[in-house]
Amino acid sequence: MFGPATFHAAMAEVVVGSMMLASLCAIGCATATFLPGIAGGWLSSERVMVTMDKASIAGALLGLAVMPIAALSGSFAADNVVNSALLYNKFVYTGLAFGFWASFVVGRVRLGPGIWQHKSLSALQGATAAMAMLMTTMASSIGGKLVRGESLFDIMPVWLPSDSATVLSPILSAALLVVGIAALVVVIRLGPKAERISLD
Amino acid sequence: MRHRVAVLAVIALLLATGASMANPGGEGDADRDFTCGGSCHGDPALSSPSDGTISIFVDPLAFSGTATAVHVTASGMSLSGNRLLGVFLLGSANGNDDHPEDHGWGILQDPNGGTRNYVEVVVPPSGSVTLTWVMLAPEQPGIQTLLAEIHHGSTPNSNNWAYSSLTRGYVVDVQPVPENLPGFAFDWSPETRVTGDASPTEIRTRNTTSVSVQWMLEGEWVPHDAEVTGEGDQWHAMLPATIGETRIQYQVTTSNGDFSIVQPWLTVATEPAAFDGEIWGARMQSLAFGLLVMAFLLSLQARLSPWEGRPEIDHTDEVESVEAPPEPPGLEPDQDYWSRLVPSDENPGWLWDPVEEEWVADPDNPPEGDE
């Protein structure tokens with residue numbers, strides 16, 4: 001048998017690995033949209049674009065499916081106790097990563113592969129993937145900080161706030177949760193209908 | 001060529017993972033046996049002797065059950081980038097049952113304010129550090145041995161070795177305690193205070209009729225007297241609150257008329273205020289942020305995506321250019337009206353309406369000055 005911490009480490013590696021693949025491919029697609037001549041046109045060739053598009057959606061779907069398992073096992077590994085700002089921020093960044101990745105997947109599924117043919121949508125997808133990856137690496141780096149006392153972000157120029165946490169009261173959090181659900185319902189049910197973009 | 005670059009990149013990534021060995025970030029203060037009972041530092045294939053020097057200063061004579069200070073000095077180590085050093089205080093070097101408590105000692109306070117025999121410290125730029133354990137001598141008189149060990153990394157460290165060094169055994173002769181010797185109660189240990197807490201510090205003693213306490217900030221030279229109240233071996237000393245990184249040290253003198261014993265310096269162990277977050281709050285806040293981000297991004301996607309009714313989808317411009325839309329009912333042009341208007345050579349650009357008896361601007365030949 002193995003403990004929840006070991007299981008969490010394994011699940012986190014699956015999430016980070018697949019999300020890294022997804023974000024690199026998504027950024028590649030977005031780059032090819034704006035700079036079709038880059039790498040001698042190789043990046044924007046149909047074969048590479050299709051491969052990157054499929055890899056990004058597959059990676060994001062796998063990561064998104066495993067993310068709740070990783071989050072739950074991490075919660076059990078911490079004995080379901082949040083005793084530091086670092087750990088609290090791990091939860092917050094995990095939630096943000098989930099939001100960004102879910103938006104990436106929903107956008108790609110609703111609008112289809114043609115999303116990369118529209119510059120504005122392509123930029124949005126690329127930025128969403130980059131932000132999602134940043135949130136994912138922040139959450140996983142905090143795990144490294146908690147367990148090993150160090151993380152790769154120690155030598156990176158980017159390090160989002162993690163030593164202090166903005167703790168909302170549970171009532172306010174619940175209210176925000178309701179607002180979030182309502183906003184999502186409004187966007188999906190009442191907002192303009194995004195339709196699948198046909199490929200040229 | 002492309003494949004070679006890819007293979008080289010993969011090899012570089014694989015090699016990069018091996019650059020970090022053992023636990024370069026430390027494992028935290030803990031109760032540990034010699035070399036953690038067989039760690040990277042204890043494995044001959046992974047470790048190497050430290051280039052640092054380590055020594056122990058301890059009074060060679062101690063009375064059973066009384067407090068005594070053990071000073072461990074380490075210097076001259078080639079450290080890793082984070083300058084982290086792990087220091088052990090041991091009763092033996094067997095790999096098991098090496099904790100001083102296994103040999104009858106009690107740890108009243110470790111250098112970091114806890115009660116551990118292994119602590120981690122960041123070595124200052126001077127390269128030398130002295131750590132003090134305040135110990136309670138074993139109850140059983142006899143000859144005791146204390147050892148110290150250090151663990152650290154190094155930069156550069158091409159072999160990824162873990163470095164360690166062990167002192168010789170320092171002998172302490174534990175003598176029976178003289179009758180009526182005043183000291184700390186056997187079961188007393190310094191309490192840990194929360195940052196900012198200025199409540200009195202409790203001190204429990206034995207064979208004591210009076211207590212005096214002096215305190216000073218770490219680095220100060222002149223101690224200050226603290227107000228002490230209490231009786232019957234239970235005392236309260238008024239020490240200032242610790243704030244931020246400040247460390248306060250204090251020294252207790254226990255007296256009973258026959259003896260006056262100056263105890264080792266202790267540190268006010270301070271811990272940050274308890275974190276006030278809780279698991280379900282974190283989960284809800286996390287999910288709420290995620291959903292809000294999702295709602296925002298989905299609305300952006302919908303806003304940016306082409307949808308039915310958009311000019312680029314229904315080609316509005318193209319349709320408008322082909323045929324003009326019919327005028328709304330009631331606003332169709334009146335052919336009779338325009339046919340009855342009479343052009344005038346004297347007033348170019350104007351038409352005369354004989355029915356209404358007024359000049360009307362000619363839409364096909366606007367008067368000069370009109371657009």
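Student: How many bridges join strand 14 of chain B to strand 18 of chain B?
Tutor: This is a predicted model, in which local features need pLDDT of at least 70 and side-chain atom pairs count only at pLDDT 80 or more, whereas totals for chains, interfaces and linings use all residues. Residues are numbered from 1 along each chain as its sequence is written, while chains are lettered from A and ligands numbered from 1 in the order in which they are written. Strands (E, at least two residues) and helices (H or I, at least four) are DSSP runs numbered from the N terminus, and two strands pair if DSSP finds at least two bridges between them. Strand 14 (residues 201-206) and strand 18 (residues 234-237) of chain B run antiparallel, and the number of bridges that join them is 4.

Student: Which residue in strand 18 of chain B is the bridge partner of T201(B), and which strands are at the edges of the sheet?
Tutor: The bridge partner of T201(B) in strand 18 of chain B is A237(B). The open sheet in chain B has 4 strands with antiparallel pairing, in the order 12-14-18-17. The edge strands, each of which pairs on one side only, are strand 12 (183-184) and strand 17 (228-231) of chain B.

Student: Why is one side of strand 23 and of strand 25 of chain B left without a neighbour in the sheet?
Tutor: These strands belong to an open sheet of 3 strands in chain B, with the order 23-24-25 and antiparallel pairing. Strand 23 is joined to strand 24 (residues 350-353) of chain B by 2 bridges, and there P343(B) stands opposite L351(B). One side of each is free because strand 23 (342-343) and strand 25 (358-361) of chain B stand at the edges, each with a single partner strand.

Student: Which strand of chain B runs parallel to strand 11 of chain B, with 3 bridges?
Tutor: Strand 9 (residues 142-152) of chain B can be set aside, since 5 bridges join this strand to strand 11 in an antiparallel sense, with Q144(B) opposite V172(B). On the parallel side of the comparison, A62(B) stands opposite V174(B) in strand 11 of chain B. The strand that runs parallel to strand 11 (residues 170-175), joined to it by 3 bridges, is strand 3 (residues 61-63) of chain B.

Student: Which helix of chain A gives the most to the side that touches chain B?
Tutor: With contact taken as C-beta atoms, placed from the backbone, within 7 Å of each other, 48 residues of chain A are in contact with 36 residues of chain B. Helix 3 (85-111), helix 4 (119-148) and helix 5 (170-190) of chain A each supply at least two residues of that side. With 15 residues, the helix that gives the most is helix 3 of chain A.

Student: How are helix 4 of chain A and helix 2 of chain B oriented to each other, roughly parallel or roughly antiparallel?
Tutor: Their axes, lines fitted to C-alpha atoms over the stretch in contact, with angles running from 0 to 180 degrees between N-to-C directions, come within 9 Å and cross at roughly 165°. In this contact S120(A), L121(A), L124(A) and T128(A) meet L297(B), L300(B), Q301(B) and L304(B). Since angles over 145 degrees count as roughly antiparallel, and those under 35 as roughly parallel, 65 to 115 as roughly perpendicular and the rest as oblique, the two helices are therefore roughly antiparallel.

Student: At what angle do helix 2 and helix 3 of chain A pack?
Tutor: The contact is made by residues including I57(A), L61(A) and M67(A) of helix 2 and F98(A), W101(A) and R108(A) of helix 3 of chain A. The axes of helix 2 (residues 46-77) and helix 3 of chain A are 10 Å apart, and the angle is about 150°.

Student: Is C29(A) buried or exposed?
Tutor: C29(A), in helix 1 (residues 4-34) of chain A, touches M49(A), M52(A), D53(A), S56(A), W116(A) and S122(A), not counting residues up to four places away in sequence. A residue is buried if 20 or more other C-beta atoms lie within 10 Å of its own, exposed if 12 or fewer, and partly exposed in between. Because C29(A) has 27 C-beta neighbours inside 10 Å, this residue counts as buried.

Student: What share of the 371 residues in chain B is buried?
Tutor: Chain B comes to 5 helices and 25 strands, and among its contacts with a separation of 6 or more, residues 24 or more positions apart account for 66%. Of the 371 residues in chain B, the buried share is 30%.

Conventions. Contact = placed C-beta atoms within 7 Å.
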